[in-house]
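Biologist: Could you take me through this one? I'd like to start with the terms and then move on to the details.

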Amino acid sequence: MQNITVLSGGMGGARFLQGLLHGISSGTLPGVAADARVTVVANTADDLWVHGLKVCPDLDTVMYTLGDGIDPERGWGRREETWSVRTELAAYGVEPTWFGLGDRDVATHLVRTQMLEAGFPLSQVTEALCRRWLSPTYGDGVRLLPMSDDRVETHIAIADPESPSGRRVVHFQEYWVRLRASVPAEAVLVVGLDQSTPGPGVLDALAEADLVLLPPSNPVVSVGTILGVPQVREALAATSAPVVGLSPIVGGSHVRGMAEQLLGTIGVEVSAAGVGLHYGARSAGGVLDGWLVDERDADQLGRLQDAGLAAAAVPLMMTDPEATAAMAAAAVGLVRR
C-alpha cells in the first residue's frame, strides 16, 4: 500500500494519525510501504470567526499535532502558550470571552485571515501553513486537505424556554467550549453543507487511495460532516481501496468528546456496533468494508458481520504512539488482500 487517505476530525483523528505515521516509519503496518503517503481530509465544519479571525480548530489540531507544536495535555492549541491577548480582550469586555485565542496560536489565525482576505482559498492557505508544520518532517509524505473551501458551520439546537420556539441554536464551538455539551442537543444543523463542494484534491485522494481509514473521530460532527459534503460519499462507494473505520465508542461510551450526546440526537445507538452500522457496509449502500471495535465490545462482532462488515475486536485505547500504531496495523490487517 502506497497511498493512505484518512478522514479526520481534531483530537481523536490527530492522535490516530500520530500512531499511523509511527507505524509507517517503524515498518509495523503489514503491506504498507516505508515511503507510503498519507493524505488527511479534515473536517472544517467546526470553523468559526473569532475577533475578526478565521479559526479552523480541526485543521490546526492535526497540523500542530503532527508538527510537534500541540499542547500535549490539552490536546489542542500550542504548547507553552500564554494568554495575554485573551486577558486584555476580557478587560475590554469584548465577547466571546468563552473562546480564548492563545498568543502563539493567534499568529496562525492572523496569517490565515490575511490570506483568505487576499483571495486565497482555504486549501491554498492550509498548504502554506503546512510548509512550516509538516514539510520539514514529512516532505510530501503527508498532505492536509480541508474537506471543502466553502464555508460550512455546525450549529446545535438546544432548549430555551425564553424563546418563542422553545429552542435556540448555538454554534458547535459554543456548545462544546462554553456549555461543555452539558445540555441536551435537540438537533444538529450543518449550515452550508448541502451547497458545498469537495476541496481540491479530496476526490482524487479517495479515488487514488490504496486504503481509506476512518479514525475514532466524532461520527456526527467530524467524520459525519466530511461524508456529508456532496460527492464524498459517492467517491467512497466508488473507490477500489478498502475502507476501514475504528470505533470511537468503547465499552458503551465515548473516550473523549461528546459523541455520546450527539449520536442520540440523530437516533444512532450509542455502541461500537451502533456506529459501525450507522456508517454501514459498502456492500449494502454504506461506506465501510471493515470496522474495528475494542476488546470490551467483542460481543457485538456478530451484528457487524451479519451486516456485511469485516470486523474484529482489538485494544482501541490510544495510550501512546506504539499502541495507536498497533490499532492502525489491525485496521490494515482486517482488509489486507
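Modeller: Before we come to any loop, a word on naming: helices (H or I, at least four residues) and strands (E, at least two) are DSSP runs, numbered from the N terminus. Please also keep in mind that this is a predicted model.

Biologist: Fine. Which loop holds Arg180, then?

Modeller: Arg180 is found in the loop between helix H7, residues 172–178, and strand E8, residues 187–191. Its phi is positive, at about 55°, although Arg180 is not a glycine.

Biologist: And is Arg180 buried or exposed?

Modeller: Arg180 has a relative accessible area of 65%, and the cut-off for exposed is over 50%, so Arg180 counts as exposed.

Biologist: Which other non-glycine residue has a positive phi, say of about 85°?

Modeller: That is Gln231, which is not a glycine either, and which lies in the loop between helix H9 (223–228) and helix H10 (232–238). With a relative accessible area of 42%, Gln231 is partly exposed. You could also look at Asp68, just after helix H2, which takes a positive phi of about 60°.

Biologist: How many residues of H2 are buried?

Modeller: Helix H2, residues 57–66, is mostly covered, with 10 of its 10 residues buried; among them are Pro57, Asp58, Tyr64 and Leu66.

Biologist: Switching to backbone geometry, which peptide bond is cis?

Modeller: The bond from Glu95 to Pro96 is cis, with omega near 0°, and Pro96 has its place in the loop between helix H3 (84–91) and helix H4 (105–117).

Biologist: Let's talk strands. Why is E2 described as largely enclosed?

Modeller: Strand E2 covers residues 37–42, and because five of its six residues are buried, it is largely enclosed by the rest of the structure.

Biologist: What pairs with E2?

Modeller: Strand E1, residues 3–8, runs parallel to E2 and is joined to it by six bridges, while strand E5, residues 142–146, pairs with E2 in the parallel sense over five bridges. Val40 is a handy reference point here, since it is the bridge partner of Val6 in E2 and also stands opposite Leu144 in E5.

Biologist: What do E1, H1 and E2 make together?

Modeller: With helix H1, residues 11–26, the strands E1 and E2 make a right-handed β-α-β unit.

Biologist: And the sheet with E6 in it, what is its strand order?

Modeller: That is an open sheet of three strands in the order E7-E6-E8, with antiparallel pairing. Strand E7 (167–171) and E8 stand at the edges with a single partner strand each, so one side of each is left without a neighbour in the sheet. Neighbouring strands of this sheet are turned by 30° against each other on average, direction ignored. Between strand E6, residues 153–159, and E8 there are five bridges in the antiparallel sense, and Glu153 stands opposite Val191 in E8.

Biologist: Now packing. Which residues touch the most other members of the largest nonpolar core?

Modeller: Those are Tyr175, Leu262 and Tyr279, in a core of 50 residues. Helix H12, residues 272–279, gives the most to this core, with four residues. A second, separate core of 46 residues includes Leu17, Cys56, Leu144 and Ala328, and that is the Leu144 which has Val40 opposite it.

Biologist: What does Tyr175 touch?

Modeller: Not counting residues up to four places away in sequence, Tyr175 touches several residues, including Ile156, Ile158, Val170, Met258 and Leu262. Arg180, the loop residue with the positive phi, is also one of the residues that Tyr175 touches.

Biologist: Last two spots: what about Ser123 and Gly308?

Modeller: Ser123 has its place in helix H5, residues 122–133, and counts as buried at 12% relative accessibility. Leaving out residues up to four places away in sequence, Ser123 touches Pro146, Asp149 and Pro200. Gly308 lies in the loop between helix H13 (301–306) and strand E14 (310–314), and counts as partly exposed at 42% relative accessibility. Apart from its neighbours within four places in sequence, Gly308 is in contact with Ala281 and Ser283. Gly308 and Leu288 are 9.3 Å apart in space, C-alpha to C-alpha, and 20 residues apart in sequence.

Key. Residues numbered from 1 in each chain as written. Predicted model: local features only at pLDDT ≥ 70, side-chain atom pairs only at ≥ 80, totals over all residues. Heavy atoms only, no water. Buried < 20%, exposed > 50% of the residue type's maximum accessible area, 1.4 Å probe, protein only. Pairing = 2+ DSSP bridges. Right-handed = clockwise from strand over helix to strand, strands pointing away. Contact = heavy atoms within 4.5 Å. Core = buried A, V, L, I, M, F, W, Y, C linked by side-chain atoms within 4.5 Å. Axes fitted to C-alpha atoms, helices over the stretch in contact; angles between N-to-C directions.
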